[in-house]
Protein chains: 2
Amino acid sequence: MGLQGLRLGVLAAISWPAPPAGYGPWEQVAFNVAEGMRRRGLDVTLFAAGDSRFDGRLVSVVPVGLNEDPALNGEVFTALHIGECFRRAHEFDLIHNHFDWKPLTYALASDAPPLLTTIHGFSSPQILAAYYAGAARSFYCSISNADRDPGLDYLATTYNGVDPAEFQFSERPGDYLCFLGRFHPEKGTHLAIEIAKRAGVRLKIAAIPQDEAYFRELVAPQIDGDRVQFLGAVEREARNELLSGALALVHMTTRPERFGLTTIEAMACGTPVLAARMGSLPEIVVDGVTGYLCDGVDEAVAKVPLLASLDRRACRAHVEKHFSVERMIDRYLDAYVRALDLRLPPQPSEAKLRARRHDWWDRPMAYTEIPPRPKNLGFA
Amino acid sequence: MGLQGLRLGVLAAISWPAPPAGYGPWEQVAFNVAEGMRRRGLDVTLFAAGDSRFDGRLVSVVPVGLNEDPALNGEVFTALHIGECFRRAHEFDLIHNHFDWKPLTYALASDAPPLLTTIHGFSSPQILAAYYAGAARSFYCSISNADRDPGLDYLATTYNGVDPAEFQFSERPGDYLCFLGRFHPEKGTHLAIEIAKRAGVRLKIAAIPQDEAYFRELVAPQIDGDRVQFLGAVEREARNELLSGALALVHMTTRPERFGLTTIEAMACGTPVLAARMGSLPEIVVDGVTGYLCDGVDEAVAKVPLLASLDRRACRAHVEKHFSVERMIDRYLDAYVRALDLRLPPQPSEAKLRARRHDWWDRPMAYTEIPPRPKNLGFA
């Protein structure tokens with residue numbers, strides 16, 4: 001595709017190193033992009049936390065991931081991290097932003113080269129202000145067809161990808177269900193628990209804290225160390241073992257999933273996914289082949305006895321074919337070519353501009369958090 | 001001074017409108033600079049909250065001050081506010097930043113015109129990282145000779161200034177002491193209370209909340225509505241009345257004051273200041289003429305009986321001569337001329353670079369807050 005030698009800056013999030021030892025999906029994807037592009041012959045500079053490891057050029061202003069040392073001032077190091085990338089923007093032909101909306105406000109102020117932003121999700125309504133403003137300056141990629149804001153133009157859907165070689169395939173179905181991620185109602189840990197209990201199958205949970213009240217009230221009381229086990233936050237090897245030894249991953253989200261990186265990690269191990277039929281999951285899980293799409297807990301419970309009969313090789317093959325790093329790199333290379341050709345996003349259509357004039361609180365399913373509505377944003 | 005027509009961008013903080021109705025010293029100073037420069041014939045654009053009022057060009061991305069509607073997402077609107085200023089940077093010959101360290105990280109990434117940053121204070125140790133990085137891009141002004149970091153070069157000391165016409169002069173000394181500002185140990189509300197009680201003089205307190213625990217434990221129990229009165233957060237007129245009717249303003253800080261805007265507001269009303277002998281205050285209060293500099297509570301108590309004999313006209317005259325907006329504008333115009341001449345700050349000396357290599361926690365008196373020390377910044 002002729003992008004060999006292209007000088008690419010990849011801006012990673014800095015909550016964790018890239019790649020992360022355990023949890024850290026944005027850092028993982030940024031690393032997979034940087035490393036995949038490097039292998040394709042691009043000249044890649046990765047902006048990431050100082051304890052990252054990358055065979056290309058690594059630039060760090062923060063010594064370790066912000067979540068690894070809570071005493072680090074996240075506001076200061078986030079600003080310095082993004083600022084450093086844009087300070088050096090003239091060193092690159094293209095910048096690929098994996099750090100949410102804030103870099104857009106820097107890009108608006110710089111004559112940086114074409115910028116492509118992967119929107120990993122909308123955390124709360126007011127960040128739409130930044131995405132709508134940034135649309136004049138950055139191309140956007142969505143991580144599923146489902147996760148698109150009607151007011152934004154997207155260059156492409158660029159599904160996340162994993163390196164299948166990093167996941168240990170197991171042909172034999174395990175005898176437990178598992179849940180992997182973070183404790184937040186949208187991830188449905190409580191539903192995974194209910195499904196496992198009603199199906200009479202053991203559940204192993206590996207997750208990092210996020211919504212403490214949710215964990216305390218709906219998850220912690222169910223943990224008994226036997227039927228419902230909590231493994232804490234697992235790192236690479238334990239994570240692999242947990243996934244490959246499972247009967248299935250339960251991913252019954254309560255809000256449309258944006259992508260769901262753990263689902264392809266599970267399938268890479270041969271482990272099918274019991275998934276909510278919403279958001280990105282119908283694009284990722286092949287119903288009846290690599291798992292089941294379920295409309296609710298009842299349906300999920302009914303599917304549990306069928307999980308062992310699924311062909312685990314089909315799960316692995318599905319990831320290799322559609323959700324490998326190499327496929328993701330192909331998709332991004334296509335997007336890079338278009339971004340380099342266009343340089344700047346085209347003017348939005350009247351329809352897009354109209355779609356931006358909505359009450360940002362009118363789509364609660366789009367956001368991780370729904371904070372109170374300000375009186376002064378004109379939605380009254 | 002030949003800067004007529006200079007295209008000046010003034011970047012204000014957005015916690016409050018500019019000017020603020022009550023508390024809001026950074027917004028007040030930014031407004032005073034913008035308005036003063038406009039009157040001197042500069043072509044001024046003020047970036048400030050949407051409910052600001054300014055006779056020049058006002059640019060706002062946030063509808064009201066962030067503190068006026070806590071539901072506003074401060075992170076988003078701060079980034080958009082700063083980003084908008086630097087997006088339009090090419091419209092200006094000079095940008096004057098009154099919004100702390102964050103704009104420096106944008107400036108590093110842009111080819112904006114010369115940038116001058118007024119350092120209104122160091123909130124906590126890690127923001128030094130931003131000031132040290134930003135020193136390559138922005139000129140710095142301190143607001144007193146005392147408030148200087150040894151690792152930074154400063155173009156000038158530019159004392160804050162008020163418009164004496166906005167403060168109601170009273171020749172007759174009042175019969176109460178007053179405290180004005182925010183509830184934080186560094187501002188010494190508890191010392192003002194102790195001094196007033198021991199001196200047997202009534203105290204009136206007008207302040208906004210900041211350190212809630214401090215207020216609850218050391219201030220609130222002392223409020224009795226008589227000897228110690230709490231007026232809440234006062235706005236323009238009530239503030240004027242409070243200051244001009246007082247015997248003195250008590251400003252017994254526990255940490256070196258950076259400037260102390262309320263001290264010149266008090267003196268503009270003819271009201272002397274009972275001030276801690278540290279930080280900027282010896283540069284602002286003329287001991288025995290416009291107030292007293294005190295080494296501690298005992299000394300302050302001893303000075304209370306002398307306050308009524310001070311010449312309140314001397315207080316007013318002192319502000320008119322040294323701390324008026326016009327004097328501040330003169331100082332900034334000098335600084336602008338030098339910044340425009342130099343374009344970029346000169347390389348720091350070896351001595352300055354050495355001075356930056358200190359444990360940022362080794363100067364606790366420099367900061368408003370001393371958070372825990374990260375393990376990974378190399379100070380171990």
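**How chain B meets chain A**

Let me begin with one pair of residues: Glu75(B) forms a salt bridge with Lys102(A), and the closest N and O atoms of that pair are 2.7 Å apart. Please keep in mind throughout that this is a predicted model, and that every value I mention is computed from it.

That pair belongs to a wider picture, since the rule finds two salt bridges across the interface of chain B and chain A, together with 12 residue pairs in polar contact. If you look for the elements behind the side of chain B that touches chain A, those giving two or more residues are helix H2 (74-87), helix H3 (102-107) and helix H4 (127-134) of chain B, and H2(B) gives the most, with eight residues. Sorted by kind, the residues on that side of chain B divide into 20 nonpolar, seven polar and seven charged.

Turning to extent, 34 residues of chain B are in contact with 34 residues of chain A, and the area buried between the two chains is about 2800 Å², with carbon and sulfur atoms giving 66% of that area. Ala109(B), Gln126(B) and Asn376(B) supply 17% of the area that chain B buries against chain A, which is more than any other three residues.

How, finally, are the two chains related? A rotation of 180 degrees, with 0.0 Å of shift along its axis, superposes chain B on chain A with an RMSD of 0.0 Å, and that is the relation of a two-fold axis. In chain B, the C-alpha nearest the axis is that of Ser110(B), at 2.4 Å from it. Because 100% of the interface residues of chain B are also interface residues in chain A, the copies meet through the same surface.

Conventions. Residues are numbered from 1 along each chain as its sequence is written. Chains are lettered from A and ligands numbered from 1 in the order in which they are written. This is a predicted model: local features need pLDDT of at least 70, side-chain atom pairs count only at pLDDT 80 or more; totals for chains, interfaces and linings use all residues. Side-chain values use heavy atoms; hydrogens and water are left out. Contact means heavy atoms within 4.5 Å. Buried area is the accessible area (1.4 Å probe) that two parts lose on being put together, summed over both. A salt bridge is a side-chain nitrogen of Lys or Arg within 4 Å of a carboxyl oxygen of Asp or Glu. A polar contact is a pair of N or O atoms within 3.5 Å; within protein, one must be able to donate a hydrogen and the other to accept it, and residues adjacent in sequence count only if both atoms are side-chain atoms. Helices (H or I, at least four residues) and strands (E, at least two) are DSSP runs, numbered from the N terminus. Ala, Val, Leu, Ile, Met, Phe, Trp, Tyr, Cys and Pro count as nonpolar, Asp, Glu, Lys and Arg as charged, and the others, Gly among them, as polar. Copies are superposed by least squares on the C-alpha atoms of residues with pLDDT of at least 70 in both.
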